[in-house]
Amino acid sequence: MLYLKPEFVTSILLSYNDTMLKGKNILIGITGGIAAYKICTLIRLYKKSGANVRVVVTPNALNFVTKLTLQSLSQNEVFSDCFEINDYKPEHIALTESDIFIIAPASANTIGKLANGICDNLLLSTACAFKKPILIVPAMNTNMWENPFVQDNLEKLKNCGFHILEPDSGFLACGTNGTGRMREPDEIYDKSVEILTKNNFLSGKKILITAGGTKEKIDPVRYITNASSGKMGIALARNAQQMGAEVTLVSTFNADGDFENIVTPTAQEMETTVKSKLNEVDCVIMAAAVSDFRVKEYSSQKIKKTSSDTMTLELVKNPDILKEISDLKTNTKIIGFCAESENLIENAKEKIKAKGCDFLIANDISRKDIGFNSDENEVYILDKALNIKKLDKDTKNNIAKRILEEIFE
Ligand code: PMT
């Protein structure tokens, strides 16, 4: 077992600013693992920083640490049972009213259940309903850590936006040396402060994001559209909201999330909405795939099949929303996307000059693994001076996070 010297604990406790996390609500989830004893020090760090700490434990965690200890340190009731009703609100919902949920130590069992939406105890039900950041701090034996199922589950959680503080390697409680040792309380504390700071990074900002492929109606049953799923736009909306921004998602379909959602199926409807909101927001991000053309004459009746083998539809140009809002030269920051199937960088350079936006995010839509309707993307961020930054292939969630950090830096 790892022995934490009392002087070391005291030095950590003294080095933390008294009011760093004043007013923050920290929820700590403890699962069954020997590293549970280190959470006592972690609770002290948060208390020292002025945070309010609540603790939820799995039944197995209570084999390693007592409720009385956790209660005395957190100065709050410790929760373990879904059916212990103390208030009118279900406990797992009341617990979600916290700024961050830190699950430490996180056992392989809890990680597996989290990744598969299983809620068979209070800690898991709370995590399932938790909308703010969740930090997972795994601790387990090396063989368990290296198990492909455990690694797959962690990957799944990462892709869904969970933060993971990977274990250290060293001497483990089971008497072996290897990876699996839970990070020290001060490292967990620092990581949570980093997440909370980033989480507020866009606080006070209003951001409008467009998503999806527009649907240009031909008749009551047919329309012209494209392969955009809206995943990139939704990832941007979710991340901007999680970073503290007030978000409006203008999409061609209904989208779920903690943000305002305005549905505009056609380019013209999108144009009207974006322009009406332009002066109310700090930034517009045009991730939607807007059709460049629409049919000249919409048929209010379903067009009948005729004896002719061909049919001609006359198309007219749609408004170029990105160019028009950039030309207005308001104080709103304007970000465009650029979907290209060839000469990505050259075309992107021409496009940012033609559209006049502040940044352009270029992606290659000829690839199946990124771009349209995929879970991942790889993008180049261009600014007006034609500086280019590549964001290597990653989940759309992580790419969205990086884009927001880059454009608001
Ligand atoms: O939705 P997903 O399946 O997740 O896929 C993501 C994506 C590939 C759709 C996205 O990453 C993307 O590239 N979006 C922009 C698609 C597009 O229309 O690109 P474009 O190069 O044709 O247009 C350039 C920019 O002008 C875009 O910001 C577009 O929103 C805007 N535009 C285009 C035409 C038009 N009439 N008005 C516009 O405002």
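How many residues surround the ligand, and which are the closest? In this predicted model, 29 residues surround the ligand, and the closest of them are S228, S229, K351, N363 and N373.

Let me begin with the contacts that involve oxygen atoms of the ligand. In the side chain of K351, which I have just named among the closest residues, an N or O atom is 2.4 Å from an oxygen atom of the ligand. Two other residues take part through the backbone: a backbone N or O atom of M286 lies 2.8 Å from an oxygen atom of the ligand, and for F337 a backbone N or O atom lies 2.9 Å from an oxygen atom of the ligand. As for how much of the ligand is covered, on its own the ligand has 770 Å² of accessible area, and the protein covers 96% of that area.

Now, which elements build the shell around the ligand? At least two residues of the shell come from each of helix 10 (231-242), helix 12 (321-327), strand 17 (333-340) and helix 13 (344-355), and strand 17 gives the most, with four residues. If we sort the residues of the shell by class, we find 14 nonpolar, nine polar and six charged.

Where does the ligand sit? The ligand sits in the second largest pocket, so I should also describe the largest one. In general, rolling a probe the size of a water molecule over the atoms shows where empty space is left. The largest pocket holds about 1000 Å³ of space, and 37 residues line this pocket, with C160, G161, F162, R238 and Q242 the closest to its centre. Helix 10, which also supplies residues to the shell around the ligand, gives the largest share of the lining of the largest pocket, namely seven residues. Helix 5 (108-115), helix 6 (122-129), helix 8 (148-159) and helix 14 (396-408) are also among the elements that each supply at least two residues of this lining. By class, the lining of the largest pocket has 15 nonpolar, 11 polar and 11 charged residues.

Finally, I would like to turn to two details of the backbone. Most residues other than glycine have a negative phi, and most peptide bonds are trans. Against that background, please look at A104 and P105, which are joined by a cis peptide bond with an omega of about -10°; P105 has its place in strand 4 (residues 100-106). Please look also at Q75, which is not a glycine and yet has a positive phi of about 60°, and which lies in the loop between helix 3 (67-74) and strand 3 (78-79).

Definitions and conventions: Residues numbered from 1 in each chain as written. Predicted model: local features only at pLDDT ≥ 70, side-chain atom pairs only at ≥ 80, totals over all residues. Heavy atoms only, no water. Near = heavy atom within 4 Å. Polar contact = N/O pair within 3.5 Å; in protein donor to acceptor, adjacent residues only side chain to side chain. Areas by Shrake-Rupley, 256 points an atom, 1.4 Å probe, with all protein chains shown as cover. 1 Å grid on protein atoms, 1.4 Å probe; cavity = no way out; pocket = protein on both sides within 12 Å on 5 of 7 lines; lining within 4 Å. Sits in = over half its atoms within 2 Å of the grid points. Nonpolar A, V, L, I, M, F, W, Y, C, P; charged D, E, K, R; others polar. Points joined across faces, edges and corners; volume = space filled by probe spheres on them.
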